Amino acid sequence: MTGGTPFSAPGAVRSAPEAFVALDIEATGMDPARHEIVEVAVVVFNRDNELERFATLVRPRGRLSLDIAALTGIDPDELAAAPTFGEVTPRLRRLLAGRPIVGQSVGLDVAMLDAAGLVLPNVMYDTYELATLLLPDLPVYTLPAIAARLGVQTAEGHRAMADAEATAAVFRGLLARLDQLDAATLEQLAAYAHVGDWSFADVFAGVARARWDGPLFEVLEPRETRGPHELAFLTPRDRPETLRRTPSRKPIDIEEVRASLRPGGPLSQVVHGYEHRPQQEAMATAVAEALNHDGRLLVEAGTGTGKSVAYLLPAVLHATERGETVVVSTNTLALQDQLFSKDVPDLKEALASNDRHMTFETAVLKGRTNYLCLRRWFNLQRQPPVDPAEARLRAKILVWLSQTETGDRAELRLTADEEALWRQVAEEEDACVASRCLFQQRNQCFLYRARRAAEHAHLVIVNHALLLSDVMAGSRVLPEYEHLIVDEAHHLEDQATSQFGYAVDERAVVEHLDGVVRTEGPLLSGTLATVSSYLARVADDDAAKRRGPGAGARAPVAHPQPHPPPGGAARPVCPGYHNGGREETPKGG
C-alpha cells in the first residue's frame, strides 16, 4: 500500500543499529595551543547498550596546576606513572575510527586531540546543541542540567569517564525525545539541519525513515507523537472567562501576612534555607495596609530584603479575596520570568492549605514582538531558508512549537544571528488584522491567548515598557485594574523617556523599509501590498456600482420598442458607459 503516511508506536521506532563514541577529556587548560591532555575516556555505545569503554590518565610534559588537581581530584603522582599520549593513541584511533563522536561542546575535546597529534575526520554530535533544540526551555545547558531534565543519573566529581558515561546516557535520552516527533516533522528538521550545516541531519533523517517503515496499523496513544502542523492550530481552543469580582470587601488580615513570613509559617516550609527577615515582614505589612486603604506607598528596599515576596503575598491575598486583578510591573523581561517561574510557584505552594487563596491565577504579559505569529510562521515555511542561521532558527521553532503553550521567545535559546531573524516571525503591530485572523478567531494566537489569560488572572506580571505602552494606547493593552505595584521603580523614568521619545538608527530605518514591502512565504505583504489591495477593492467596488444600473438598462436592447420616439428608431444605449462624456453603444452588442 503506497501513498499514505504509515503509523508506528514510538517505542518501536529505532533507526538502524549504529555505534557512537562518547568522548571526554580533562586537560591542564582550555587552549589547545598551550595546554595538555591529562585524562581521556571513551564509551562506545548504541541506542540500547554500551559496547566498550576505555579510560586512562595521560602524562603531560608540564606540571598539573593546583586548581585543576582540586577540580578533578587527579593525583599528580599518578600522572607521573601514566603513559604518554603517543602511547595511548593507537587504541584511541581504533575505538574512534569511523564512528560519530558525541560530547558536550565536543569541538573543544576534538581540538585538544588534534593538537596532541590525533587528527579526526569523524562526524561530531554536540549534546549541547542538540539539547538547545529538543529541550528549549532549560535555564542552563550544562551536562548535569540536561541530564537532570532527562532523568539521567550522573556521578559526582569531574572525571573523564564519569562525564563520558553521562554524555552517552544524555545522548540516548535526546534520541528518545526525537522519537516523540512525527515523521513529517523529522524530515523537515533534517532539511533545515542540512541547510544549517548541522551534523544532526542524518540522525533526524534516520529516525524519520524508521518511523515511515514502522507498523502501519499500530495504534498510538494520544500525543505519543507530536507535530507542529498548521491544521493542529486551526482547532478551536477554549477561552478563559474574565475574572469576576466577588462581593467581599474584607481587608487583608495583617496578622495572616506576618504569620506567613515568620519562622514556622507556610513560606518557611516550602522555601529551602528560608530565613526570616524583619525588614521583609515590615514591607509586606506596609503593602497590605496600602492595599486595604487604596493608598500610595513608596518603599526603598535594599538587596536581601526579599521584596518580591513582600509585595506578592499581600497582592495575592487582596486579589483573591475581592476577585480583582493586581498588576505587577518589573524593569526587565528576565525579572518577569523569575517572578513567574520561581517566586509565584513558591507562594502557591505556601498558600495551598488556604482554601481561599490556593487557586489564584497568574499571567505574564509581554510586548507583542516577544510572541510568535502563527500566520507569519506558516507563511515563511512555504519558502526555503536563505542561510544557515535562518535554517537553525526554523528548526528550533519547529520543535518548540509542538511543546510551547505561550509562544514566548524567552523559552528559546537563540544565538545572536538567530535572534536577529526572530522579527521575521514575531507579532507586529500592522502585520495582520486580528478580526480576520483564523488563529485569533480559534484562540490559537499566542498574543491574544496571553491577553485573555491576563483578563482571567488575579496577578498580572508585566514590564515597564508594556505598562507605558498601555498608557499610550489608552488602556487597551492590559486588563482593567485598580492596584499597581511597580518594582524597580527607579528605572521607570528611563523607560518613559524611551517609550514617549523617538530615536532613529540604521536598524530602525531598515525595519521600516522592510515594512514597506516584505515577503511572507509566497505572499507579498507590507504597506505597499496593503495599499495595492485596498485600491484594487475600491476599483472593483466602483466597477460593480457602474455595472449595476447598466444591467437593468439592457432589457430593452433585445426587444424593439413598439412605439419609437419621433425622429427614427430607438437606439439602444447603456447608461453609465461613458467615453469623454458621450454615451456610446457597448461593443459587441
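**View 1. Thr154 counts as partly exposed, with a relative accessibility of 38%.** That value falls between the 20% limit for buried and the 50% limit for exposed, so Thr154 belongs to the class in between. Everything shown here comes from a predicted model. To find the residue, look in the loop that runs between helix 6 (143–150) and helix 7 (160–178). Leaving aside residues up to four places away in sequence, Thr154 touches Ala147 and Ala166. Pro144 is 10 residues away along the chain, and its C-alpha atom is separated from that of Thr154 by 7.0 Å.

**View 2. The whole chain sets the scene for the other close-ups, with 23 helices and 13 strands.** The chain has 589 residues, and 44% of them count as buried. How much of the contact count comes from residues 24 or more positions apart? Among contacts with a separation of 6 or more, such pairs account for 71%. The accessible surface adds up to about 31,300 Å², and carbon and sulfur atoms own 54% of that area.

**View 3. Strand 2 (residues 37–45) and strand 3 (residues 50–57) run antiparallel to one another.** Their pairing extends over 7 bridges. A hairpin of 4 residues makes the link from strand 2 to strand 3. If you would like a pair to centre the view on, try Val43, which stands opposite Arg53 in strand 3.

**View 4. Strand 8 (residues 459–463) is mostly covered.** Of its 5 residues, 5 are buried. In a regular strand, side chains take turns between the two faces of the sheet. Which residues of strand 8 sit on each side? Leu459, Ile461 and Asn463 are on one side, Val460 and Val462 are on the other, and all of them are buried, so both faces of strand 8 are covered by the under 20% criterion.

**View 5. Strand 8 also pairs with strand 6 (residues 326–330) and with strand 7.** The pairing with strand 6 is parallel and extends over 5 bridges. Here Thr330 stands opposite Asn463 of strand 8. Strand 7 is parallel to strand 8 too, with 3 bridges between them. In that pairing, Thr362 faces Leu459 of strand 8. Both of these strand 8 partners, Leu459 and Asn463, appear among the buried residues in the previous view.

**View 6. Thr332 is found in the loop that leads from strand 6 to helix 14.** Is Thr332 buried or partly exposed? It is partly exposed, because its relative accessibility of 32% is not under 20% and not over 50%. A partner from far along the sequence is His491, 159 residues away, and the C-alpha atoms of Thr332 and His491 are separated by 9.8 Å.

**View 7. The second largest pocket holds about 990 Å³ of space.** Its lining is made of 35 residues, and those closest to the centre are Asp337, Phe340, Thr406, Asp408 and Glu411. Three elements give two or more residues each to this lining: helix 14 (333–350), strand 7 (362–364) and helix 19 (446–456). Which element gives the largest share of the lining? Helix 19 does, with 4 residues. By residue type, the lining splits into 17 nonpolar, 6 polar and 12 charged. Strand 7 may look familiar here, as the parallel partner of strand 8.

**View 8. Arg296 is exposed, at a relative accessible area of 86%.** That is over the 50% limit, so the label "exposed" applies. Arg296 belongs to the loop between helix 12 (278–292) and helix 13 (307–322). Ile485 lies 189 residues away along the chain, with 9.8 Å between its C-alpha atom and that of Arg296.

**View 9. Ser105 and Asp197 each have a positive phi.** A negative phi is what most residues other than glycine have. For Ser105, phi is near 50°. Ser105 sits in the loop between strand 4 (101–103) and helix 4 (106–115), and is partly exposed at 38% relative accessible area. For Asp197, phi is near 60°. Asp197 is placed in the loop between helix 8 (183–195) and helix 9 (201–212). With a relative accessible area of 64%, Asp197 counts as exposed.

Key: Residues numbered from 1 in each chain as written. Predicted model: local features only at pLDDT ≥ 70, side-chain atom pairs only at ≥ 80, totals over all residues. Heavy atoms only, no water. 1 Å grid on protein atoms, 1.4 Å probe; cavity = no way out; pocket = protein on both sides within 12 Å on 5 of 7 lines; lining within 4 Å. Points joined across faces, edges and corners; volume = space filled by probe spheres on them. Nonpolar A, V, L, I, M, F, W, Y, C, P; charged D, E, K, R; others polar. Buried < 20%, exposed > 50% of the residue type's maximum accessible area, 1.4 Å probe, protein only. Contact = heavy atoms within 4.5 Å. Areas by Shrake-Rupley, 256 points an atom, 1.4 Å probe, with all protein chains shown as cover. Pairing = 2+ DSSP bridges.
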